[in-house]
Amino acid sequence: MSAATETSLPAGSDTVGGVRVAVDVGGTFTDIVLIDETGAVGKAKVLSTPPDFEQGVIRGLRAVLSGHGVGGDGVQTLFHGMTVATNAVLEGRGSATALVTTRGFRDTLELGRGRRPDTYDMNWLKVNVLVPRRFRVEVNQRITADGDLAPPVDPAEASEIGRRLRDADVESIAVCLINSYVRPDEERRLAELLRAACPGVWVTASVDLDPEPGEYERTSTAVVNAYVAPIVDSYLGRLERELDGLGVHAPLYVMRSSGGLLRSGTARAEPVRLIESGPAAGVVGVRALARELGLDSVIAFDMGGTTAKATLIENGEAFETPQYEVGGAMNSGPGLGSGGGYPIRIASLDIAEIGAGGGSIFWVDAGGAPRVGPESAGASPGPACYGAGGTRPTLSDAKLLLGYLNPTAIAGGSQPLDADLAEQAMAPVADALGLSVLDVAYGAYEIAVAGMTRLMRAVTTERGRDPREATLVAFGGAGPAYVCAVARQLEIRRALVPPAPGLFSAVGLLVAEPQHELVRAHVDGALTVDTLSGLLDEMESEIVSGLVADGYEADRIRCERSAEMRYEGQTGTLRVGIPPGTMLGEPGLDGVLDRFEAEHERTYGHQKDRGSIRMPAIRVRAHVRNETDAGLLGVSHNLATDSGVAGSPGAVRDAYFGPSFGMLATRVLGRSDLTALPVAGPLIVEEMDSTIVITPDARASIDDHNDLVIELA
Amino acid sequence: MSDIVAPNPVFADPVTFEVYRSQLVGLADEMGLIILRTSHSPILNHALDFSTAVCDASGRVLAQGNSMMVHIGTFPDAMSMIVDRWRDDLAPGDVFIFNDEDRVSQHLPDMYVAQPYFVGRELVGFGICCAHHVDIGGHTAGGMDVLAQSIFAEGIRIPLVKLYRAGKADEAVLAILKRNVRLPELLMGDLSGQLAALHAGEGGIAKLVERYGSDHFARLAEELLDYTERMVRREIAAIPDGRYEFADQLDDDGVGGGPVPLRVAITVRGDAIEVDWTGSGPQAASAINCHIANTRSISYGALQATFREQVAGNDGFRRAVDVVAPPNTIVNAGRTAARGARGLTIYRMVDTMLGALAQAMPERVPAAADGGPALVRFFGVDREGEAFVLPVGPWISGWGARMGSDGLDHASPLGANFANIPVEEVERSRRVRFEHRGFVPDTEGVGCWRGCYSVRFDIRFLSEGTLQLLTQRRVVRPYGLAGGHPGSASSNTIDRGSGPEQLPISAAISVSVGDLVSHVHSSGGGWGNPLEREPEAVLQEVLDEKMSRTRACEQYGVVLDDGLDGHLAVDRIGTLERRSDLGAASVCQTP
């Protein structure tokens, strides 16, 4: 099952004619945005169809193509963000996977690191191990810390293991040897022997994904990859067949966790890189927005039905994390609450996440304090106001009672909301707190805002960044209802809501760039200009020639070099960019060290002995320039002009803005009713997929690109 | 999670309160993250052996980071000592340091650092953190030698002094400190992480005071302490009144004495609780003694873990809990008693506390865990004459079973919350090589719900030096509950080329190149009658080669059948018969 669509059209030949389509598949909705060569756009939002997500994709695609009067053959490129890989892990529906490892270390995967997410929780349970012990096999080999093979892998033993696993109907094999980061060749040799012994079975070598020391995390990374590989492969295969049936023969690109695109063929081989595919697309959109508007510091704030997410973008680059956990309570980077999920050591956009969304439940704890979440009403029964049997108050109920939500126009009017049910659900909490239902609804809103504020701090103050200097960009279905309040808490003076905020992740996909990278572990290596410079040059030419061979035009390729750096003994690294040319000559290396020291000072408030600076990994990342020449602003501008639900002229609704402002008659508008001239709040701006709440202390206007700009005094 | 609604509204402004609470907890965690990210030793950045908290202007702990139980409960005493002694001499930029005071101490490697926070000239709060340093001087590296007979052998003792005065380092203190430890650069590096954490705390507190005003901030602090007290009292009130006693013991004291008894009597009266350690052994001649601050910390922590709801830990916690520990005992040692290896004792204290609490709350408390980590350090002097200290452990197996679930395999014990140090990280030293780290089949604490399996650790030495291997649970095994069996015992052996020889329970031994040391860690106790265990669960563990068919049959009464297609399956009838023979009374109840 080769990537047929990839070979039928060489990359780079897709520059003229036809439409470019982005498909973002989430747990609930599948969003589709299209742009043609004239810059005209089309869009669709359809229900997702798990587990056969491709059905929803095709349904939406059909709608958007026919709406635009284009046939399948008119599609020149397809961009895709998806949650198939994540869902397979979260739901434990991966493939039958085996692990082959060094003798004496069969249990590394199951032992884990031992940390528990919460010090005092005796009810916590570990996540299920993805490869049961019966499928974890030891090989009689050892790589020493110096790289000696004592003994090397015996080919006969490897082949025997491969045959045994194949006979046990294993679909996918992960290989991780102790100290393979020192001798990747030995692990790759074992992987090859296994491939030869069991054709048709996926084989993942850990060092191909993660070349760094730390056996548990590297093993886990390889295992997650192996576990989801057949699932993702089968999904993309089904999708490509369906696309074929629709007459779409365009190359398919998939969003990876680090914010770049992968050709679907590569994505199928290394699906662990897709775990944060969906959330990454939105961040990529905000990054493009920041670049095009020339904003130095931007916080991307994405909130939907179940989670709120934040990422910091500085000078046009989003922060990344070298490791995060999937499963457990939440996908997240390493921290004090780690240990609850499956760690993956793959560079990913640093997306902080909390369980706060429209469905989060509002309750009173035993000490009499009000709390929001982490429990959620989810899609079923959903918030009380949905009338589907939910009896506990949620954030959506609070927003309805506050007058922020239109009882008849949510999700384009398909979901009527019942304020009486919301009030009934809220009443017991109000009684317990001795507040009116209205005040308690506002309290729920404020507490949710406090949680989001903590989230923003995690990506700013915790990295030595001042959030007050940032522009807050809110998107997702629920984010725009909180944007003013969150900005106020962080003393942010400027916020922005792009057009069609509920479709924004799909828009981000349209402007994303194909991206490839090479990482070399450089453990304990001497820091000399020559070795480093030579290595980087070598890596760059390897990656560029690979891309050119794939059909990309050389003049569209741009390379970035960076190093992961830290002081001796530290586990966390800071990424330091190495601009072209800096490595030539002695001052070059000093310049890199200077930059590391400045970054350490900025992030942690101090520097240490220069002699103890280490560079555990170096990286070359190649970007291929995106061909959506209109840019993000062009796409989203046009989405807005063609956008949905304008308020009926002169519509007014009572909305409550807390004790200091009280209940105010609030104008309800559509985006197109606003102009460049700022209008003072309170205002409610209704769109098909989102509601923007402008508080009385804020002013709203529209910029040249149809972004809704919020200024706070 | 069910809505437990307080009978009457208790807050004037509940929403502001909750926002404030969440910000303070976030700040304490933020301080911990800075230590995690900037520290240099694997004890901190791999094992996470540190803790953080923020306090109000009178030194009361308001919020604590998600970190080490054994540290956290000592912060209230540490802060009240600092405030009592220095309240009239505090300036912006002051930083305090100590590791040994009569009122508060852990063992000497645990260094407390605290800082008063000012807004303008007004004292508005404090930050405090405690971190375990790799070496602190003394007669053996690492400061944890069980053989130490007095604290003077264990390392440098730092009384409560100012490390910084108004932002200026006291070079004399630093010089004395550096001169007294084996790895001064490492100590300074990790100390700078602690300072960076305190600095971040200062910024965060200043912002909150700015937002609320210092009066309102102080009122909210008061509400926060009351809130925790209220939650603690509600939890205690839900425990049936009574006196619950339990005794456990340490196998030995490491110097030929022993066993060492630990005894607790927990008395619940309404919404108050007393934890009385009277009857525990006398102060030991070795380094397994606990400071009273440790004893309090463990008493609060083990109690908190049994609560139904998550309780925000702070100074208010202590108001409903009384801890009694007679002086000059293992749980309240005198000022010169050695304490370096108190890590062996605190986990047995947790076991003892939980054994008593299990009588009051059988449905909520697990059987004994593995008994605490094996503490493993390898140290010596290399060919160049440089000292080295290599943290190799902590080594653990995991938890005991509880009603409704098996014991957690390889999870940090309740008394701490650390991660292990990766094999590849330890091996980068080129001083040792791991040859095995994995489960030992047929070692789980048998029960309807099983305890964790034992884990075996084999290390081959690539250089000579001294191995300090502190273990327990070889004689008295981790207890089971409700008919569950005890976990299995630990063992330590060395093979110097002529076959394995037994090693003492706790020892510091010279090792040569090529020696192989093997430690089998104790396992967790089981819960409930093993004849009521779900047969399918037994089958799965046999398939996973964690359990032999013999054990399945003998201990659980589960008979397996090879089946026609070679797939192992439960022989239902055979199992019924076997269990009947073994005296099964009822079927396993799933709650």
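These legends describe close-up views of a predicted model with chains A and B.

**View 1. Chain A and chain B meet over about 8,000 Å² of buried area.** Carbon and sulfur atoms give 50% of that area. Three residues stand out on the side of chain A: Tyr120(A), Met122(A) and Leu336(A). Together they supply 11% of the area that chain A buries against chain B, more than any other three residues. The contact draws 86 residues from chain A and 93 residues from chain B.

**View 2. Salt bridges and polar contacts link the two chains.** Between chain A and chain B the count is 10 salt bridges. One pair to look for is Arg457(A) with Glu30(B). The closest N and O atoms of this salt bridge are 3.5 Å apart. Polar contacts across the interface involve 49 residue pairs, with both residues at pLDDT 80 or more.

**View 3. Helices and strands of chain A contribute to the side that touches chain B.** The helices that each supply at least two residues include H4 (108-111), H7 (215-245) and H11 (419-433) of chain A. Helix H12 (437-459) and helix H16 (586-604) of chain A do so too. Strands E19 (360-364), E20 (370-376) and E24 (557-567) of chain A also each supply at least two. Which element gives the largest share? It is H12(A), with 6 residues. By class, this side of chain A has 29 nonpolar, 24 polar and 33 charged residues.

**View 4. Glu686(A) sits in a strand of chain A.** The strand is E30, residues 683-687. Is Glu686(A) buried or exposed? Glu686(A) counts as buried because its relative accessibility is 7%, and the cut-off for buried is under 20%. Its side chain has a polar partner in chain A. That partner is the side chain of Arg653(A), at 2.9 Å.

**View 5. Chain B combines 13 helices and 22 strands.** The radius of gyration of chain B is 25 Å, close to the 25 Å that the globule rule gives for 591 residues, so chain B is as compact as a globular protein of that length. Along the principal axes, the C-alpha atoms of chain B fill a box of roughly 80 × 70 × 45 Å. How much of chain B is buried? Of its 591 residues, 66% count as buried. Among contacts in chain B with a separation of 6 or more, 71% join residues 24 or more positions apart.

Definitions and conventions:
Residues numbered from 1 in each chain as written. Chains lettered and ligands numbered in written order. Heavy atoms only, no water. Contact = heavy atoms within 4.5 Å. Buried area = accessible area lost by both parts, 1.4 Å probe. Salt bridge = Lys/Arg side-chain N within 4 Å of Asp/Glu carboxyl O. Polar contact = N/O pair within 3.5 Å; in protein donor to acceptor, adjacent residues only side chain to side chain. Helix = DSSP H or I, 4+ residues; strand = E, 2+ residues; numbered from the N terminus. Nonpolar A, V, L, I, M, F, W, Y, C, P; charged D, E, K, R; others polar. Buried < 20%, exposed > 50% of the residue type's maximum accessible area, 1.4 Å probe, protein only. Rg over C-alpha atoms; globule rule 2.2 N^0.38 Å.
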